[in-house]
Amino acid sequence: MKLYDEGTPAPNPRKVRIYLAEKGIAVPRERVRIMRREHKAPEFLAKNSLGQVPVLELDDGTYLSESVAICRYFEALHFAPPLFGQEAREQALVEMWIRRAEFRYWAPIGMVWRHADPRTAAVVGRQFKEFGEANRKIASDALLWIDRELADGRDYLAGTYSMADIVLLCGIDFGKFIGLDIPKEASRLHAWHGRVSARPSAAA
Ligand SMILES: N[C@@H](CCC(=O)N[C@@H](CS)C(=O)NCC(=O)O)C(=O)O
């Protein structure tokens, strides 16, 4: 087994590293240097035709891509401690919050990164700057909405710490890298961010 990985600021491989750290699972890793375009080399495209990291290579030659799918694979093998929920209700809540984090926050920050950031201009082809910039407010509004959702006093998105927190943490920290901060007034979300960042796994 091998995990094809890339370091921070790449947020998707970080999700898998945090997940593995929380589970105490060690997996051999190979770095795929995005800046050197190693993820678009024919050898890597043969593993993931989208040319993206992370990718998990299994011993039978299967290649799994998509960060959450990779974590789900490990969850099926090592249930404890559960990070995708324990019983039906919890599992659904974790899924609900993963999807909300991805669609409500990751999607707009992806558009800011693709269309408004000078660092991606060379690889994206054509950037639609105004569209990219407009996504800053959409992302920021999503965080204000999540802050309101936390008004019931719970510590984590789905109740207990889960994959949903990992997904949102990696999105928010990547957002910072592209100039998107948690809005000042989102005090519950700031407290949540402090809590999840204080876990040793956040340094993975
Ligand atoms: N949905 C995928 C996204 C993977 C992804 O976009 N990875 C980034 C690094 S964080 C990448 O490889 N980007 C290069 C590209 O898209 O060409 C996942 O969750 O793993």
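Me: Helices here are DSSP runs (H or I) of at least four residues, numbered from the N terminus. With that settled for this predicted model, which helix gives the largest share of the lining of the largest pocket?

Reply: That's α4, which supplies twelve residues. The helix spans 88-116. Other elements that give two or more residues to this lining include α1, α3 (67-77), α5 (121-124) and α7.

Me: How much space are we talking about in that largest pocket, and which residues lie nearest its centre?

Reply: About 1600 Å³. The lining runs to 47 residues, and P11, N12, I34, Q52 and W113 lie nearest the centre. By class, the lining has 22 nonpolar, eleven polar and 14 charged residues.

Me: OK, on to the packing. Why is α4 called roughly antiparallel to α6?

Reply: Look at the angle: α4 and α6 (residues 129-149) pack at about 155 degrees, with their axes 7 Å apart. Angles over 145 degrees count as roughly antiparallel, so α4 and α6 earn that label. Their crossing is left-handed, and the residues in this contact divide into 14 nonpolar, three polar and six charged.

Me: And what makes α4 roughly parallel to α7?

Reply: Here the angle is about 15 degrees, with the two axes 8 Å apart. The cut-off for roughly parallel is under 35 degrees, so α4 and α7 fit the term. This crossing is left-handed too.

Me: Which residues of α4 and α7 make that contact?

Reply: From α4 you get V94, W97, I98, A101, E102, Y105, W106, I109 and W113. From α7 come M163, A164, V167, L168, C170, G171, I172, F174, G175 and F177.

Me: How do you know how the contact of α4 with α7 divides by class?

Reply: Go through the names. Glu counts as charged and Gly as polar, which puts E102 in the charged class and G171 and G175 in the polar one. That agrees with the tally of 16 nonpolar, two polar and one charged residues.

Me: What makes α1 oblique to α7, then?

Reply: The axes of α1 (residues 11-23) and α7 (residues 163-177) come within 9 Å and cross at roughly 140 degrees. That angle falls between the 65 to 115 band for roughly perpendicular and the over-145 cut-off for roughly antiparallel, so α1 is oblique to α7. The crossing is right-handed.

Me: Which residues of α1 and α7 meet there?

Reply: P11, R14, K15, I18 and Y19 of α1 meet M163, I166, V167, L169, C170, D173 and F174 of α7. The classes come out as nine nonpolar, no polar and three charged. Note that P11 also lies among the residues nearest the centre of the largest pocket.

Me: Now the loops. How do you know the bond between T8 and P9 is cis?

Reply: Check omega, which is about 20 degrees for that cis bond. P9 sits in the loop between β1 (2-5) and α1. The V53 to P54 bond is cis as well, with omega near 10 degrees. You'll find P54 in the loop between α2 (42-45) and β3 (55-57).

Me: What makes the backbone at R37 worth a look?

Reply: Its phi is near 65 degrees, a positive value, and R37 isn't glycine. R37 is in the loop between β2 (29-31) and α2.

Definitions and conventions. Residues numbered from 1 in each chain as written. Predicted model: local features only at pLDDT ≥ 70, side-chain atom pairs only at ≥ 80, totals over all residues. Heavy atoms only, no water. Axes fitted to C-alpha atoms, helices over the stretch in contact; angles between N-to-C directions. Left-handed = near helix turned anticlockwise from the far one by under 90°. Contact = heavy atoms within 4.5 Å. 1 Å grid on protein atoms, 1.4 Å probe; cavity = no way out; pocket = protein on both sides within 12 Å on 5 of 7 lines; lining within 4 Å. Points joined across faces, edges and corners; volume = space filled by probe spheres on them.
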